[in-house]
Amino acid sequence: MEAARNAPKVKIPGQFDIQKIFLAERDQPLPGPLLPGQEPRRLYPWWKGVNAIVCQQAFRDADTAFANWKNSARRKGGPVGFPRFKRRGRCRDSFRMFSIRLVEQDLRHVRIGGERGGQPAFTVRLHRPARRLARLLAQGGETKSVTVAREGHRWFVAFNVRVPAGAPPRATRRQRGAGTVGVDLGVKVFAATSDPLLINGTELQLFENPRLLENAGRQLRKWQRRMARRHVRGLRADEQSNGWKEARDQVARLHALVAARRSSTQHLLTKRIVTQYEHVALEDLRVKNMTASARGTAQSPGRNVKAKAGLNRAILDVGFGEIRRQIEYKALLYGAAVTVVDPAYTSQTCNRCGHVDAKSRRTRDLFTCTRCGHATHADIGAAINIKTRAQRPGPGQERPQGAAGVP
């Protein structure tokens, strides 16, 4: 604290300061003498074809990142590091705009506005009709911003629409009758529920991990090796060979395919949970701590580093944090409540007598209590314990979140 108080105070330019510099320097010619017959060139010629709103939103994001870093000690959550600048080919290609509207004749085209002296206006055809967006706009919604992003070989556009707030949704009779469900997340069984979910006419409690990243690993390794062999050290990405660019595009396409399949699986599960139950209980998992590296340091190297790295990849492939995020925001839409409980010893506790013993878990799937002899699937027993803790919250328990948990 004393070092922080005595450190020199450096003013970080804000959004409007950078924007003034950008507008002043954008059209300035390149300094220096010109050869005979040479026309003056601009300092950054690519600025001419970029909409100024895109740059302004980038300045705004940078301002927010620096503010989060400076206020890291006063913000909720973990510490925030110094902002890292984007690198070409190493970050997600995306930009945000305002002047985009839906062409309502066929709902398959969007009109991107231009600016004077900059990017001209043009129309883009969508892959499928934007009927849902049209319904929101017809209900009085207002488009606030539009984000255009590339995932693999495809471009996506996401409209941020503000709609008038209506009455908070209430749980249906079916949800109220079902009551509470506990959800246990894992690696082999990526989700286990204390009570069955009805999916396509079948009641399920265990959902096997599809291992999407592992299944695509053979193709990923193949194209990543080609990408490494074809890379020429010292050349920029746009100067590399067409073979290297082909391998790079294939790697990006495979990662985008895995992400799309993972998102589809997560959305299927989370929507079934919040629409069939009134109250959802989850574990308060610290995914960042769970996936920390076991490499250690040069003085004290870690053990079983390779096995821990594989476990970290499997945890991140399931997406514990994304499943929780989807359940929490969907609960607000369907009138459900969400409670987060302490995950300690949920898989070592007997859901019948409450006895805690690590030896009760005989195998990965079998749980047999050493006191009462009760036998059940280990993940289902953990989900039942999560449900019990949510129904009888302790002193450090979080209050239910969602429409049904609002006082």
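How many bridges join strand S1 (residues 94-97) to strand S5 (residues 142-151)? Four of them, and the two strands run antiparallel. The close-ups below start from that pair.

This is a predicted model, in which local features need pLDDT of at least 70, side-chain atom pairs count only at pLDDT 80 or more, and totals for chains, interfaces and linings use all residues. Residues are numbered from 1 along each chain as its sequence is written, and side-chain values use heavy atoms, with hydrogens and water left out.

**View 1. Three strands make an open sheet in the order S1-S5-S6, with antiparallel pairing.** S1 and S6 are the edge strands, each pairing on one side only. On average, neighbouring strands of this sheet are turned by 15° against each other, direction ignored. That angle runs on a scale from 0 to 180 degrees between N-to-C directions, with axes fitted as lines to C-alpha atoms. Strands here are DSSP runs (E, at least two residues) and helices likewise (H or I, at least four), numbered from the N terminus; two strands pair if DSSP finds at least two bridges between them. On the S1 side, phenylalanine 95 has valine 148 of S5 as its bridge partner.

**View 2. S5 and S6 form a hairpin with two residues between them.** Look in the turn for glycine 152, which has a positive phi of about 70°. S5 pairs with S6 (residues 154-162) over nine bridges, in the antiparallel sense. One spot to find is valine 146, whose bridge partner in S6 is phenylalanine 159.

**View 3. Serine 145 sits in strand S5.** Across from serine 145, in S6, stands asparagine 160. Serine 145 counts as buried because its relative accessibility is 10% (buried means under 20% relative accessible area, exposed over 50%, partly exposed in between, using a 1.4 Å probe and protein chains only). Leaving aside residues up to four places away in sequence, serine 145 touches Arg96, Met97, Phe98, Ala158, Phe159 and Asn160; contact means heavy atoms within 4.5 Å.

**View 4. Glutamate 328 lies in helix H11 (residues 320-334).** With 23% relative accessibility, glutamate 328 counts as partly exposed. Valine 280 is 48 residues apart from glutamate 328 along the chain, yet their C-alpha atoms are separated by 9.1 Å.

**View 5. The second largest pocket has a volume of about 1,600 Å³.** Of its 33 lining residues, Ala58, Phe85, Lys86, Cys91 and Ser94 are the closest to the centre. Helix H2 (15-25), helix H3 (52-70) and S1 are the elements that give two or more residues to this lining, and H3 gives the most, with nine. By class, the lining of this pocket has 21 nonpolar, three polar and nine charged residues. (Ala, Val, Leu, Ile, Met, Phe, Trp, Tyr, Cys and Pro count as nonpolar, Asp, Glu, Lys and Arg as charged, and the others, Gly among them, as polar.)

**View 6. About 70 Å³ of space lies in the largest cavity.** On a 1 Å grid over the protein atoms alone, a cavity is a set of points where a 1.4 Å probe fits but cannot get out, while a pocket is an open set with protein on both sides within 12 Å along at least five of seven lines; lining residues have an atom within 4 Å of a point. Grid points are joined across faces, edges and corners, and a volume is the space filled by probe spheres set on the points. The count comes to three cavities of 30 Å³ or more. Lining the largest cavity are Phe190, Asn209, Pro210, Leu212, Arg262, Thr265, Gln266, Asp317 and Val318. H8 supplies the largest share of that lining, three residues.
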